[in-house]
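Here are a few exercises to work through with the viewer open. Have a go at each task before you read its solution.

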Amino acid sequence: MFEKEEIQGAKSNAEVLGDIIICIEKVKEQAEEYGHSFEREFAYMLVHGFYHLMGYDHMTEEEKQEMRAKEETILERINLERNETK
């Protein structure tokens, strides 16, 4: 949404975390691959992107487990658990 220089020069106290860009074709592909509904896979991508913006990553197994637990908690709260059928 903004370039780094625009954020640094802003006088507003609003915080900008970054952008989440989701490829609809990739969502469709992964939903089919993992046996999820389109809605579940889209929500997963959105939540996953959000946690990246919040500073989480999955480069190590420990990081992956922490991030995945947070993602699954959110998805469960909105009734989009893993392996939901289409």
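The exercises below go from the overall fold down to single residues, and the model is a predicted one.

**Exercise 1. Get your bearings**

Work out how many helices and strands the protein has, and how much of it is buried.

Solution. Start with the secondary structure: you should find four helices and zero strands. Reading along the sequence then gives you the pattern α-α-α-α. Next, go to burial: of the 86 residues in the protein, 22% are buried. Finally, take the contacts with a separation of 6 or more; 48% of them come from residues 24 or more positions apart.

**Exercise 2. Two helices crossing**

Describe how α2 and α3 pack, and say which residues make the contact.

Solution. First locate the pair: α2 covers residues 24-34 and α3 covers residues 38-53. Their axes lie 8 Å apart, at an angle of about 120°. The class called roughly perpendicular runs from 65 to 115 degrees and roughly antiparallel starts over 145, so α2 counts as oblique to α3. As for handedness, the crossing of α2 past α3 is right-handed.

Now pick out the side chains. From α2 you have I24, K26, V27, K28, Q30, A31 and Y34, and from α3 you have F38, E41, F42 and M45. Sort the residues of this contact by type and you get seven nonpolar, one polar and three charged.

**Exercise 3. The nonpolar core**

Find the residues of the largest nonpolar core and say which helix gives the most to it.

Solution. Begin with the general expectation: in soluble globular proteins, nonpolar side chains tend to be buried together. Here the largest such core has seven residues: A43, Y44, V47, Y51, M67, L75 and L80. Then check where they come from. Both α3 and α4 (61-77) supply at least two residues each, but α3 gives the most, with four.

Zoom in on V47 to finish. Skip its neighbours within four places in sequence, and V47 is in contact with E71, I74 and L75.

**Exercise 4. A loop residue**

Is I22 buried, partly exposed or exposed, and which residues is I22 in contact with?

Solution. I22 sits in the loop between α1 (4-8) and α2. Its relative accessibility is 22%, and buried means under 20%, so I22 counts as partly exposed. For its partners, leave out neighbours within four places in sequence: that gives V27, F42, M45 and L46. Take M45 from that set: I22 and M45 are 23 residues apart along the chain, yet their C-alpha atoms are separated by 6.9 Å.

Key
Residues numbered from 1 in each chain as written. Predicted model: local features only at pLDDT ≥ 70, side-chain atom pairs only at ≥ 80, totals over all residues. Heavy atoms only, no water. Axes fitted to C-alpha atoms, helices over the stretch in contact; angles between N-to-C directions. Parallel < 35°, antiparallel > 145°, perpendicular 65-115°, else oblique. Left-handed = near helix turned anticlockwise from the far one by under 90°. Contact = heavy atoms within 4.5 Å. Nonpolar A, V, L, I, M, F, W, Y, C, P; charged D, E, K, R; others polar. Core = buried A, V, L, I, M, F, W, Y, C linked by side-chain atoms within 4.5 Å. Buried < 20%, exposed > 50% of the residue type's maximum accessible area, 1.4 Å probe, protein only.
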